[in-house]
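Hi,

Here's the structure I promised to pass along. Have a look at it first, and then read my notes underneath.

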Amino acid sequence: MTAKIKLNAASGGGSFSLQAPSSSANNRVMTLPDSADGTILTTTNPKSGNIIQVVQSTYTGVFSTSSATMVDTGLSVSITPTSSSSKILVTVSLGSFANSGKFKRAMMNIVRDSTNILIGDARTGTECTAVVAPRASDDNYVQIPLAFTVLDTPSTTSATTYKAQASRGSDTGTVYLNGNAGADSSSGNAASTIVVMEVAA
């Protein structure tokens, strides 16, 4: 039985081969549509907007910081784009995020390696991707979910890391991710995720 079928193009063009799997345990079936012509997509010729790959990372511990400048939270993910023209859709979901200080703020940045990919304009205060500012009678127990999505263009085929950073800015208090300062039996033990998707340009 022939293990490979090879089709040669006319006029000295290239060739196309169909080769069977190396083991009968890996039998595969390719079914062509009954109607309409089409093109078989590969990782080298996706259409614009096609999702090429998806990578997710989770952070289930409790992170805290009293830093006035942005620091890594531990929530990060790495992706290696297949094309330098690809865009990366970044979605960050913080299960719980807040400052333990009464009426104080918690700030978040989404960062590619060491570069902020989306922050507010410079004026008074701290430029950041997102901020929560709760008002509660006892902020030790405040827990606020926060989600953010941004489409980035890293212009590289090298491994690229996206991460969430946090700070209290010029406020006082301690910022918590996935937990709170109260940490009692009624507190929620939250989880956070970061998902990156390579999108064909």
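Below is what I found, going from the overall fold down to single side chains.

One caveat before anything else: this is a predicted model.

**Overall fold**

The protein chain is all strand as far as regular elements go, with 13 strands and zero helices. Its radius of gyration is 24 Å, well over the 17 Å that the globule rule gives for 201 residues, so the chain is more spread out than a compact globule. Along the principal axes, the C-alpha atoms take up a box of roughly 75 × 40 × 30 Å. Buried residues account for 32% of the 201 residues. If you take contacts between residues at least 6 apart in sequence, 76% of them join residues at least 24 apart. The chain exposes about 11900 Å², and carbon and sulfur atoms supply 49% of that area.

**Salt bridges**

How many salt bridges are there? The count comes to three, and here they are one by one.

- Asp72 pairs with Lys163, with the closest N and O atoms 3.2 Å apart. This pair links distant parts of the chain, since Asp72 is in strand 5 (residues 71–79) and Lys163 is in strand 11 (residues 160–167), 91 residues apart. Asp72 is partly exposed, at 40% relative accessibility, whereas Lys163 is buried at 16%.
- Asp171 and Arg105 meet at 2.8 Å, N to O. Both sit in loops: Asp171 between strand 11 and strand 12 (175–177), Arg105 between strand 6 (87–99) and strand 7 (106–112), with 66 residues separating the two. Asp171 is buried at 10% relative accessibility, while Arg105 is partly exposed at 37%.
- Asp152 and Arg112 meet at 2.7 Å, N to O. Asp152 lies in strand 10 (residues 144–152) and Arg112 in strand 7, so this salt bridge ties together parts that are 40 residues apart in sequence. Here Asp152 is buried, with 7% relative accessibility, and Arg112 is buried too, with 18%.

**A nonpolar patch on the surface**

Which residues form the nonpolar patch? They are Ile5, Leu7, Phe16, Leu18, Met30 and Ile40, and together they have about 650 Å² of accessible area. Strand 1 (4–8) and strand 2 (15–19) each supply at least two residues of this patch. To pick out one member, Leu18 is in strand 2. Why does Leu18 count as partly exposed? Because its relative accessible area is 42%, which falls between the 20% limit for buried and the 50% limit for exposed.

**Around Ser187**

Ser187 is in the loop between strand 12 and strand 13 (192–199). Is Ser187 buried or exposed? At 16% relative accessibility, Ser187 counts as buried. Its side chain makes a polar contact of 3.2 Å with the side chain of Asn180. Another polar contact, at 2.7 Å, joins the side chains of Ser187 and Asp184. Leaving aside residues up to four places away in sequence, Ser187 touches Tyr141, Gln143, Asn180 and Gly182. Asn180 therefore turns up twice here, as a polar partner and in that list of contacts.

Cheers

Technical notes. Residues are numbered from 1 along each chain as its sequence is written. This is a predicted model: local features need pLDDT of at least 70, side-chain atom pairs count only at pLDDT 80 or more; totals for chains, interfaces and linings use all residues. Side-chain values use heavy atoms; hydrogens and water are left out. Patches are made of residues with over 30% relative accessible area and no salt bridge: like charges are joined within 9 Å, nonpolar side chains (Val, Leu, Ile, Met, Phe, Trp, Tyr) within 5 Å. Accessible areas come from the Shrake-Rupley method with a 1.4 Å probe; for residues, only the protein chains shown count as cover. A salt bridge is a side-chain nitrogen of Lys or Arg within 4 Å of a carboxyl oxygen of Asp or Glu. Helices (H or I, at least four residues) and strands (E, at least two) are DSSP runs, numbered from the N terminus. Buried means under 20% relative accessible area, exposed over 50%, partly exposed in between (1.4 Å probe, protein chains only). A polar contact is a pair of N or O atoms within 3.5 Å; within protein, one must be able to donate a hydrogen and the other to accept it, and residues adjacent in sequence count only if both atoms are side-chain atoms. Contact means heavy atoms within 4.5 Å. The radius of gyration is taken over C-alpha atoms; the globule rule is 2.2 Å times the number of residues to the power 0.38.
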